[in-house]
Amino acid sequence: MHIGSFLGAWLAYLVVTFAMGYVWHLVLFRRLYAGLAIFTRLDDPIVSLGFAAMVIQGAVLAYLYPIVAGDGAPIIEGIRFGLIMGLFIASSAVIAEAAKQRVASLFTWLAVESIYYAVQFILCGVAIAFVYGRLPGGT
C-alpha cells in the first residue's frame, strides 16, 4: 500500500465526514434533532470525541479500500465501497442507537439518519476511490 494514498484517503474521509456531520446535524437539521430528543448533548457536543471516532473510522476505511475494491471505474468502486461500509457503520449508529435511546419519532430518526449515512458514505467512498484511482487487478 502506498502511504501517500492511504494518508490522502484518510484525510478525504475526515474532511467529508466532519464537514457533512457538522452541517447536517448542527446546522440544517438542528431543530429536527432537538425535537427527536435523541441527542442529549446537541448544545454542547464533545467535538474531540466525535473527531476521534472519525479518525479511527477513516484509518480503517483508507486501509480497507485497496483490499476490497475491484478494478472498475473509481466512481463505481467508491459508491459500492461507501454503501457497504456505510451499511455496516449505520447498523450501529442508527438502528442500535434507536434501540438504546428514547426518540420522539422512531420513523423520522430511522429515515433521516439512514439518508445521512447513505449520502455521507457515498461521498466518502467516492472521495477515497478518487484518491486511490483505478486499482490494478482489483479483488
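**View 1. E77 is a buried partner in a salt bridge with R80**. With a relative accessible area of 9%, E77 counts as buried (under 20%; exposed is over 50%, and partly exposed is in between, using a 1.4 Å probe and protein chains only). This is a predicted model, where local features need pLDDT of at least 70 and side-chain atom pairs need pLDDT 80 or more, while totals for chains, interfaces and linings use all residues. Residues are numbered from 1 along each chain as its sequence is written, and side-chain values use heavy atoms, with hydrogens and water left out. R80 is the partner here, and its closest N and O atoms to E77 are 2.8 Å apart. That fits the salt bridge cut-off (a side-chain nitrogen of Lys or Arg within 4 Å of a carboxyl oxygen of Asp or Glu). Both residues sit in helix α4, three residues apart, which is about one turn of the helix. Helices here are DSSP runs (H or I, at least four residues; strands are E, at least two), numbered from the N terminus. Unlike buried E77, R80 is partly exposed at 36%.

**View 2. Further along α4, E97 pairs with K100**. The closest N and O atoms of this salt bridge are 3.7 Å apart. E97 and K100 are three residues apart in helix α4, again about one turn. K100 is exposed, at 59% relative accessibility, while E97 is partly exposed at 23%. For a sense of distance, look from E97 over to I67: their C-alpha atoms are separated by 29 Å, with the two positions 30 residues apart along the chain. I67 belongs to helix α3 and is partly exposed, at 44%.

**View 3. D43 and R30 join a loop to a helix**. The structure holds three salt bridges, and this one has an N to O distance of 2.9 Å. D43 is in the loop between α2 and α3 and R30 is in helix α2, so the pair ties together parts that are 13 residues apart in sequence. The loop-side partner, D43, is exposed at 69%. R30 is partly exposed, at 30%.

**View 4. A37 has an unusual backbone angle for a residue that isn't glycine**. Its phi is positive, at about 60°. Most residues other than glycine have a negative phi. You'll find A37 in the loop between α2 (30–36) and α3. At 46% relative accessibility, A37 is partly exposed.

**View 5. α3 and α4 cross obliquely**. Two packed helices are described by the angle between their axes and the distance between the axes. For α3 and α4 (residues 74–100), that's an angle of about 130° and a distance of 11 Å. Axes are lines fitted to C-alpha atoms over the stretch in contact, and angles run from 0 to 180 degrees between N-to-C directions. The two helices are therefore oblique, the class left after roughly parallel (under 35 degrees), roughly perpendicular (65 to 115) and roughly antiparallel (over 145). The crossing is right-handed (the near helix is turned clockwise from the far one by less than a right angle; anticlockwise would be left-handed).

**View 6. α1 runs roughly antiparallel to α5**. The axes of α1 and α5 (residues 106–132) come within 9 Å and cross at roughly 155°. That angle makes α1 roughly antiparallel to α5. Here too, the crossing is right-handed. Stay on α5 to pick out Y116, which is buried, at 4% relative accessibility. The C-alpha atoms of Y116 and A69 are 23 Å apart, and the two residues are 47 apart along the chain.

**View 7. α1 gives the most to a nonpolar surface patch**. The patch covers about 630 Å² and is made by F18, Y22, V23, V27, L28, V47 and F51. Five of its residues come from α1, and α1 (3–28) and α3 (47–68) each supply at least two. Patch members have over 30% relative accessible area and no salt bridge; nonpolar side chains (Val, Leu, Ile, Met, Phe, Trp, Tyr) are joined within 5 Å, like charges within 9 Å. Areas come from the Shrake-Rupley method with a 1.4 Å probe, and for residues only the protein chains shown count as cover. One patch member to pick out is L28, in helix α1. L28 is exposed, with a relative accessible area of 57%.
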